[in-house]
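Visitor: Good morning. I should like to go through this structure with you, beginning with the cysteines.

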Amino acid sequence: MKRRAKAMGATQSSDPVPRRKSSATVPSNSLSQGDMLAVPLEILEEIFLNVPAHQVVHVCRLVCQQWKEVADSESLWRERCRREGYRLRDASKIPKDWRLFYHLCKKRRNLLNNPKGEHKMKDWQILESGGDNWKVEGVMEPHPNEAVQKNFVTSFGMCKKSQLIDLGKEGYIPSFMDHFQPDIKISDWYAPRFDCGSEYEISVELLNQRKTPIQTFAPETIYFEQWNDQKWNQMKHVFQNYGKGVRYIRFTHGGKDTQFWKGWYGIRVTDSCVEICPGTDT
């Protein structure tokens with residue numbers, strides 16, 4: 001049996017006297033508020049599935065109690081996830097809040113600030129700045145992503161920089177991280193100069209509330225010989241099944257040249273990325 005939403009404030013009258021019709025002409029194809037509220041719930045849900053998500057939350061659910069129930073329903077957000085391809089990586093971990101799961105999938109983004117050097121060294125904590133220090137300059141070799149036009153450059157002494165990501169401030173609440181343990185994807189692009197040897201290092205740590213490492217990705221240092229092709233290389237890693245307690249992510253990378261040339265002949269880095277992936281990739 002189909003459910004029908006009740007009209008808010010509508011009551012049956014026992015008054016036999018017919019009401020006077022309004023002098024205003026109402027178009028035959030228009031719907032009164034009562035008609036709108038009397039739409040079957042399954043049809044109302046289908047309508048909401050075709051309305052932008054932020055309008056469902058901030059507009060539709062404020063109309064009446066019945067609309068609020070549909071806008072907050074598990075079935076609405078579960079179906080929205082299905083239609084938009086936001087699938088669970090682990091089917092056994094059913095979301096307690098499908099709306100939260102949907103919005104976290106929807107807002108998947110790079111959690112690192114200023115990853116391409118467009119704002120100089122802003123948002124990066126400089127851990128080491130050897131030789132002639134860090135520098136930002138235009139790319140020598142075109143990057144696979146044409147939008148990347150700048151990179152960070154190291155010198156003849158070790159140069160390292162870091163960012164600390166507070167997952168709570170980014171909207172990833174502890175209960176969500178502990179229950180789902182979503183994939184945490186890391187990406188970093190690095191390239192040498194063709195005329196000078198160099199080395200590249202990266203370390204990414206998943207930290208608990210006390211900022212103690214729970215899991216660390218720290219591959220061996222990568223070395224480039226002089227007279228290389230200076231092509232861009234991508235470092236990638238995915239953290240999975242890392243356990244409960246992850247509250248921060250610390251991303252650190254850098255390097256130097258290996259020939260101690262004055263200036264900026266060391267490794268170049270750019271377009272770094274840290275993403276939380278609640279669902280599987282489509």
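Guide: Certainly. C105 is a buried residue, with a relative accessible area of 8%. Please bear in mind that this is a predicted model.

Visitor: How far is the sulfur of C105 from the closest cysteine sulfur?

Guide: The closest cysteine sulfur belongs to C81, and the distance is 5.8 Å. A disulfide would require the two sulfur atoms to lie within 2.5 Å, so the sulfurs of C105 and C81 are too far apart for a bond.

Visitor: And which cysteine sulfur is nearest to that of C273?

Guide: That of C277, at 8.3 Å, and C273 is in no disulfide.

Visitor: How many disulfides are there by this rule?

Guide: The count comes to zero.

Visitor: Let us stay with C273. Is C273 buried or exposed?

Guide: C273 is buried, and its relative accessible area is 16%. The residue belongs to strand 12, which covers residues 268–277.

Visitor: What is C273 in contact with, leaving aside its neighbours within four places in sequence?

Guide: Its contacts are N110, L112, K185, I186 and S187. As for K236, the C-alpha atoms of C273 and K236 are 9.5 Å apart in space, while 37 residues separate the two in sequence.

Visitor: A change of topic: how many cavities of 30 Å³ or more does a search of the whole structure find?

Guide: The search finds two. The largest encloses about 80 Å³ of space, and the second largest has a volume of about 30 Å³.

Visitor: Which residues line the largest cavity?

Guide: The lining consists of L88, R89, D90, F180, P182, D183, C277 and P278. Five of these residues are nonpolar and three are charged, with no polar residue. C277, you may recall, is the residue whose sulfur is nearest to that of C273.

Visitor: And what lines the second largest cavity?

Guide: M140, E141, N151, A191, P192, Q230, W232 and R268 do. That lining divides into four nonpolar, two polar and two charged residues.

Visitor: Let us turn to the backbone. What is the phi of Q181?

Guide: Q181 has a phi of about 45°, a positive value although the residue is not a glycine. Most residues other than glycine have a negative phi.

Visitor: Where does Q181 lie?

Guide: Q181 is in the loop that runs between helix 7 (174–180) and strand 6 (183–191). With a relative accessibility of 11%, Q181 counts as buried.

Visitor: What about D123, where is that residue?

Guide: D123 is found in the loop between helix 6 (98–106) and strand 2 (125–129). Its phi is near 75°, again a positive value in a residue other than glycine. D123 counts as partly exposed, at 39% relative accessibility.

Visitor: One last matter, the confidence. What is the mean pLDDT of the chain?

Guide: The mean is 85, and 85% of the residues reach 70 or more. Over residues 1–31, however, the pLDDT is below 50. Beyond near neighbours in sequence, that stretch has 21 contacts in the model.

Visitor: How should I treat such a stretch?

Guide: Where pLDDT is low, the predicted coordinates should not be read in detail.

Technical notes: Residues are numbered from 1 along each chain as its sequence is written. This is a predicted model: local features need pLDDT of at least 70, side-chain atom pairs count only at pLDDT 80 or more; totals for chains, interfaces and linings use all residues. Side-chain values use heavy atoms; hydrogens and water are left out. Buried means under 20% relative accessible area, exposed over 50%, partly exposed in between (1.4 Å probe, protein chains only). pLDDT is the predictor's confidence in each residue, from 0 to 100. Contact means heavy atoms within 4.5 Å. Helices (H or I, at least four residues) and strands (E, at least two) are DSSP runs, numbered from the N terminus. On a 1 Å grid over the protein atoms alone, a cavity is a set of points where a 1.4 Å probe fits but cannot get out, and a pocket is an open set with protein on both sides within 12 Å along at least five of seven lines; lining residues have an atom within 4 Å of a point. Grid points are joined across faces, edges and corners, and a volume is the space filled by probe spheres set on the points. Ala, Val, Leu, Ile, Met, Phe, Trp, Tyr, Cys and Pro count as nonpolar, Asp, Glu, Lys and Arg as charged, and the others, Gly among them, as polar.
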